[in-house]
Amino acid sequence: MKPLILHGHHTGPNPYKVQLVLENLNLPYEYKLWVLGDGKKGVKSAEFLQINENGRVPALEDANTGVVSWESQAVINYLLRVYDKSHTLSPGPEASEQDRVDYDKWTAFLTTTFGPMMGQRNWYVHYNATDNQDARKRYEEQCLRCFDVLEGQLAKSDGKNILPGGFSAVDCHYWPWLRQHEYAQLDVSKYKLFQKWFKSIGERPEVKKIDAFIAKEKEAQGIDSM
């Protein structure tokens, strides 16, 4: 099997999601590193826009099938359809329709709501040119509302996994975003089940492997950790 090529950078969570899925499926892959902007090796460069015309990471090239995918949810869905034949990370043939809907809705909650709220919170805390306290407060409230919703869902598994059936690609979607709670300056101390989930996922060997890889690359590039 030829290695898949994952295109990413180390300043955001979405390539990390795909790495988690690749690692859990034991798929060979190469990581091609890009930087922000339109310069050499930039995600807005002509070279990268031939891979993803939206100029964002992650993108995935699969020489085994000739398929190129981008947008993290689409990339992960592709990997699950093509390579997760045993359904280790996704609902299997025995799953109920409710199981399938739960998988879809909790994935969608991250990609359409929780993730974007975390992204906006980070923007106004760290990157906005002016100090906009109204925006910071709004996105703090929205993020914590999302943590409220997630805490209720985690109660169904006593904090083990987001879906009661066990570790799944849904956990892969959430982990890279929610590990940024300290960077986003959010107080999540009251969310005991989240804390339990966070500690458990953080101890998984594939997570430690990716964290070490990211830390090494950031050190080499002089990038502050998030």
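1. A nice place to start: the charged end of R204 sits over the ring of F167, 3.6 Å from its centre. K41 has its charged end over the ring of W34, at 5.6 Å from the centre. Here a charge sits over a ring if NZ of Lys or CZ of Arg is within 6 Å of the ring centre and within 35 degrees of the ring normal.

2. Before going on, please note that this is a predicted model, where local features need pLDDT of at least 70 and side-chain atom pairs count only at pLDDT 80 or more, while totals for chains, interfaces and linings use all residues. Residues are numbered from 1 along each chain as its sequence is written, and side-chain values use heavy atoms, with hydrogens and water left out.

3. The aromatic pairs come to 15, counting rings of Phe, Tyr and Trp (its six-membered ring) whose centres lie within 6.5 Å; planes under 30 degrees apart are stacked, over 60 edge-to-face and the rest tilted. F114 and F147 make an edge-to-face pair, 4.9 Å centre to centre with 90 degrees between the planes. F147 also pairs with Y191, this time stacked, at 5.6 Å and 25 degrees.

4. How buried or exposed are these rings? F114 is buried at 0% relative accessibility, F147 at 1% and Y191 at 4%; buried means under 20% relative accessible area, exposed over 50% and partly exposed in between (1.4 Å probe, protein chains only).

5. You may like to view the wider group as well: F114, F147 and Y191 belong to one aromatic cluster, whose members also include W106, W175 and F198.
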